[in-house]
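User: I am new to this structure and would like a short tour. Could we start with the first ligand?

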Amino acid sequence: MKIVLVNPPTKSAPRNVLDAPLGLSYIAAILINAGFGVTALDLAISDSPWDDLTYILSNIQPDVIGITGVASTHLDALSIASIAKQINENVITILGGVHVSLTKEKTSHILANIDYMVFGEGEITIVELLYAIKNGGNIQKVNGIGYSDEDGNFQKTEERLLISDLDTLPLPSRHLFPMGKYQQTHIMSSRGCSFSCLFCSSRDFWKQKTRFRSVTPFVDEIAHILDKYGPRKIFIADDTFTIDIKRAIEICDTIIERKINFNWSCLTRVDKVSDKLFEKMAKAGCQTISFGCEVATQTELDILKKGITVSQIKNAIVDCKKAGISARTSWIVGFPWLTDESLSALLRLLDETTPDEVVIYTPVPYPGSRLYEYIGRYGVNLNEIPESDFYSGRDFPIPTSNALKPNEVNLSIEKVVIDLLEKGYKLSHQAGPNDKIITTTFTAIHSFAVDDINRGES
Ligand code: B12
Ligand code: SF4
């Protein structure tokens, strides 16, 4: 069986942060090990994605096309399946990834061009599914999939359990992607996060637990990447890399002992750090730590169920910089309860701590996040928002209200940007290597017709 794996084009991430899709690299590796022939196509780095897709599919004539997707690439993922069916109506189309896993039956109407949906972690499911298809086995016995039965009704099989030992997974097949075209490579030492912040879809996808790989194979993979693809930045993309501080120190010690020299960055929480950890991370080559700070008042942090305090935010930024590591901080501006005070508190906190990078997001109620359900309390029915608005990848809908008008959100973001520019920050695309940076996401804000809301309600 010939399989083509496709990553859709993206409008929401700049080229310099893009990298070989890790989920598809794992899927490719497990399929190759199981004896299938695999080609991979990353349309996110293609200048003419639709031509490239047509060319590859026409030439390879695969039996199966596997597509990945997040919310912002969902519509393009569907277009890929439709083009694949136009080229060969018998090709088997399989859609996996975060978005379809979190929406399941809500996306069942798309089954016209999608033969199977794979929900959750895909490595075991895809192999069982393809063996069942190839050998005429019973599809219903393959856990973790959705499909349309002979009568056109949506069927969902039993849930796929999470892989218990991540060390059993093969090395991701990054070599199938044009590695020379990416400026960095991402890697994961763990999967999942034990927290459950209101706006995050990690909880539903990774089941609110963290599974760890052993330290040695993880560091071996770093050494392998550097050896095979040359010096490059490595982004440790774990949801919360330092969730277990002792283990993170162990990883740093191993990197130091093995004298592996490289620059890396990671994501973490402000309450999962310590001076000793910062010191070790700096010594092991960590250049940047991204902290999910989100908001600057305790009331809002509590609404978001963030489980951190304002003083932890302050300490983490200051101590990180003191250790010589760049502090990248991400914030969300535009929750329906936004007040002048929340914004002033943010400006004060940024002034006090001067992070090296400030990234401003707007609150997108992704399906699977509790924000999606929470917004319902304000009378917002997200199902009524046209899909094209929700998944365009550029124009994220965010909940606004009679109390918080769309232009107020834009003005609030503008206020933060202007304040920081006046203090010498530079917009990311204009910044030099030593500048402090401000980054905002593309946003078009849609007003949802809701009644006045009670600001600050938890
Ligand atoms: C690294 C990363 C990025 C990198 C991407 C690097 C790259 N490839 O170029 C960058 C920084 C560019 C990025 C950007 C964005 N990201 Co991002 N990102 C991540 C992160 C941290 C890791 C992704 C990853 O590699 N996962 C590891 C692999 C193993 O998991 P996986 O991809 O889900 O794949 C598994 C399964 O889903 C399944 N599977 C996946 N595809 C397929 C296909 C088939 C055929 C099958 C059978 C199975 C299958 O099997 C895989 C193996 O088990 C995740 C958080 C997370 N922990 O997953 C967020 C995450 C995916 N990003 C998210 C978001 C919101 C974004 C942005 C929209 C941010 C923004 N506002 O701009 C953009 C959108 C980019 C885009 N694609 O259009 C959200 C998605 C939410 C949602 N519901 O869709 C996540 C989940 C973070 C979160 N917790 O909210 N991101
Ligand atoms: S925002 Fe970060 S800490 Fe919160 S649940 Fe998501 S991954 Fe975990």
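Analyst: Certainly. Helix H1 gives the most to the shell around ligand 1, with 5 residues. Please note that this is a predicted model.

User: Which elements give two or more residues to that shell, and which residues come nearest?

Analyst: Of the 42 residues around ligand 1, those that come nearest are Gly23, Gly66, Thr68, Gly96 and Gly122. Two or more residues each are given by helix H1 (22-33), strand S3 (64-67), helix H4 (98-103) and helix H5 (123-135).

User: How do the residues of the shell around ligand 1 divide by character?

Analyst: The shell around ligand 1 has 21 nonpolar, 17 polar and 4 charged residues.

User: And where does ligand 1 lie with respect to the domains?

Analyst: Ligand 1 lies between domain 1 (2-156) and domain 2 (183-440), because both give residues to its shell.

User: What surrounds ligand 2?

Analyst: Ligand 2 is surrounded by Cys193, Phe195, Ser196, Cys197, Cys200, Ser202, Arg203, Asp239, Thr240, Arg269 and Gly292. By character, the shell around ligand 2 divides into 4 nonpolar, 4 polar and 3 charged residues.

User: Let us turn to the overall fold. How many helices and strands are there?

Analyst: The protein chain has 15 helices and 17 strands. It has 458 residues, of which 44% count as buried. Among its contacts with a separation of 6 or more, 74% are between residues 24 or more positions apart.

User: In what order do the strands of the 8-strand sheet run?

Analyst: The order is S8-S11-S12-S13-S14-S15-S17-S16, in an open sheet with parallel pairing. Strand S8 (184-187) and strand S16 stand at the edges; each has a single partner strand, so one side of each is left without a neighbour in the sheet.

User: How is S17 held by its neighbours there?

Analyst: Strand S15 (residues 357-361) runs parallel to strand S17 (residues 437-440) and is joined to it by 4 bridges. Within that pair, Val359 has Thr439 of S17 as its bridge partner. Strand S16 (residues 426-427) also pairs with S17 in the parallel sense, over 2 bridges, and Lys426 is the bridge partner of Ile437 in S17.

User: How many bridges link S13 and S14?

Analyst: Strand S13 (residues 286-294) and strand S14 (residues 326-332) pair in the parallel sense over 6 bridges. One bridge partner pair there is Glu294 with Trp331 of S14.

User: Which helix lies across S8?

Analyst: Helix H7 (residues 215-229) lies across S8 and strand S11 (233-236), and H7 runs at about 155° to S8.

User: Could you pick one residue from S14 and describe its surroundings?

Analyst: Ser330 is found in strand S14. It counts as partly exposed because it has 17 C-beta neighbours inside 10 Å, and a residue needs 20 or more to be buried. Leaving aside neighbours within four places in sequence, Ser330 is in contact with Ser290, Gly292, Cys293, Val359 and Tyr361. Gly292 also belongs to the residues surrounding ligand 2.

User: How far is Ser330 from Thr439?

Analyst: Their C-alpha atoms are separated by 9.2 Å, while Ser330 and Thr439 are 109 residues apart along the chain.

User: Now the other sheet, with 7 strands. What is its order and pairing?

Analyst: This open sheet has the order S2-S1-S3-S4-S5-S6-S7, and its pairing is mixed. Strand S2 (37-42) and strand S7 (154-156) stand at the edges with a single partner strand each, so one side of each has no neighbour in the sheet. On average, neighbouring strands of this sheet are turned by 20° against each other, direction ignored.

User: What about S4 and S5?

Analyst: Strand S4 (residues 92-95) and strand S5 (residues 116-118) pair in the parallel sense over 2 bridges. Leu95 has Met117 of S5 as its bridge partner.

User: Last topic: what stands out in the backbone angles?

Analyst: Most residues other than glycine have a negative phi. Gln61, however, has a positive phi of about 50°, and phi of Gln208 is near 50°.

User: Where are Gln61 and Gln208 placed?

Analyst: Gln61 is in the loop between helix H2 (49-60) and S3. Gln208 is in the loop between helix H6 (202-206) and strand S10 (211-212).

User: Are they buried or exposed?

Analyst: Gln61 is partly exposed, with 13 other C-beta atoms within 10 Å. Gln208 counts as partly exposed, with 13 C-beta neighbours inside 10 Å.

Notes: Residues are numbered from 1 along each chain as its sequence is written. Chains are lettered from A and ligands numbered from 1 in the order in which they are written. This is a predicted model: local features need pLDDT of at least 70, side-chain atom pairs count only at pLDDT 80 or more; totals for chains, interfaces and linings use all residues. A residue is near a molecule or strand if its C-beta atom, placed from the backbone, lies within 6 Å of it. Ala, Val, Leu, Ile, Met, Phe, Trp, Tyr, Cys and Pro count as nonpolar, Asp, Glu, Lys and Arg as charged, and the others, Gly among them, as polar. Domain bounds come from an automatic or database domain assignment. Two strands pair if DSSP finds at least two bridges between them. Two residues are in contact if their C-beta atoms, placed from the backbone, lie within 7 Å. Axes are lines fitted to C-alpha atoms, for helices over the stretch in contact, and angles run from 0 to 180 degrees between N-to-C directions. A residue is buried if 20 or more other C-beta atoms lie within 10 Å of its own, exposed if 12 or fewer, and partly exposed in between; C-beta atoms are placed from the backbone.
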